[in-house]
Amino acid sequence: MVSNQGRQEGDINPADGPVAEFAIALRRLREQCGRPTYRQLAPLSAKVGSP
């Protein structure tokens with residue numbers, strides 16, 4: 001049987017620098033948008049630039 005559940009997101013330590021802080025900000029934005037799946041986000045990113 002195939003599962004539709006993706007892998008769990010790991011913790012990001014903001015002390016790891018600006019890239020980690022950016023990743024945290026992206027996760028917050030995704031949360032505010034209703035937690036769309038990455039599969040749902042992929043075609044949207046293709047419309048605005050490189051995925």
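Here is a short set of questions and answers about the predicted model shown above.

This is a predicted model, in which local features need pLDDT of at least 70 and side-chain atom pairs count only at pLDDT 80 or more, while totals for chains, interfaces and linings use all residues. Residues are numbered from 1 along each chain as its sequence is written, and side-chain values use heavy atoms, with hydrogens and water left out.

Q: How many helices and strands are there in the protein chain?
A: Helices and strands are DSSP runs numbered from the N terminus, a helix being H or I with at least four residues and a strand being E with at least two. By that rule, the protein chain has zero strands and two helices.

Q: What percentage of the residues of the protein chain count as buried?
A: A residue is buried under 20% relative accessible area, exposed over 50%, and partly exposed in between, using a 1.4 Å probe and protein chains only. The protein chain has 51 residues, and the share that counts as buried is 10%.

Q: How much of the accessible surface of the protein chain belongs to carbon and sulfur atoms?
A: Accessible areas come from the Shrake-Rupley method with a 1.4 Å probe, and for residues only the protein chains shown count as cover. The total for the protein chain is about 4,900 Å², and the part belonging to carbon and sulfur atoms is 56%.

Q: Which residue forms salt bridges with Arg27 and Arg30?
A: A salt bridge is a side-chain nitrogen of Lys or Arg within 4 Å of a carboxyl oxygen of Asp or Glu, and the structure holds three of them. For Arg27, the closest N and O atoms of its bridge are 3.5 Å apart; for Arg30, they are 2.8 Å apart. The residue linked with both in a network of salt bridges is Glu9.

Q: Why does the salt bridge between Arg27 and Glu9 tie together parts of the chain, and how many residues apart are they?
A: The two partners are Arg27 and Glu9. Arg27 lies in helix α1 and Glu9 in the segment before α1, so the pair joins parts whose separation in sequence is 18 residues.

Q: Is Arg30 buried or exposed?
A: Its salt-bridge partner Glu9 is partly exposed, with a relative accessible area of 33%. For Arg30 the relative accessible area is 12%, so Arg30 is buried.

Q: Which residue meets Glu31 in a salt bridge?
A: Glu31 is partly exposed, at 46% relative accessible area. The partner has a place in the loop between α1 and α2, and has a positive phi of about 55° although it is not a glycine. The N to O distance in this bridge is 3.3 Å, and the partner is Arg35.

Q: Which residues form a nonpolar patch on the surface?
A: Patches are made of residues with over 30% relative accessible area and no salt bridge, with like charges joined within 9 Å and nonpolar side chains (Val, Leu, Ile, Met, Phe, Trp, Tyr) within 5 Å. One member, Phe22, is found in helix α1, residues 18-32, and counts as exposed because its relative accessibility is 54%. Together the members have about 310 Å² of accessible area, and they are Phe22, Leu26 and Leu29.

Q: Which element gives the largest share of the lining of the second largest pocket?
A: On a 1 Å grid over the protein atoms alone, a pocket is an open set of points where a 1.4 Å probe fits, with protein on both sides within 12 Å along at least five of seven lines, and lining residues have an atom within 4 Å of a point. About 250 Å³ of space lies in this pocket, a volume being the space filled by probe spheres set on grid points joined across faces, edges and corners. Its lining includes Ile12, Tyr38 and Leu41. The largest share, six residues, comes from α1.

Q: What is the distance between the C-alpha atoms of Ile24 and Asn13?
A: Ile24 lies in helix α1 and counts as buried because its relative accessibility is 16%. Ile24 and Asn13 are eleven residues apart along the chain, and their C-alpha atoms are separated by 8.6 Å.
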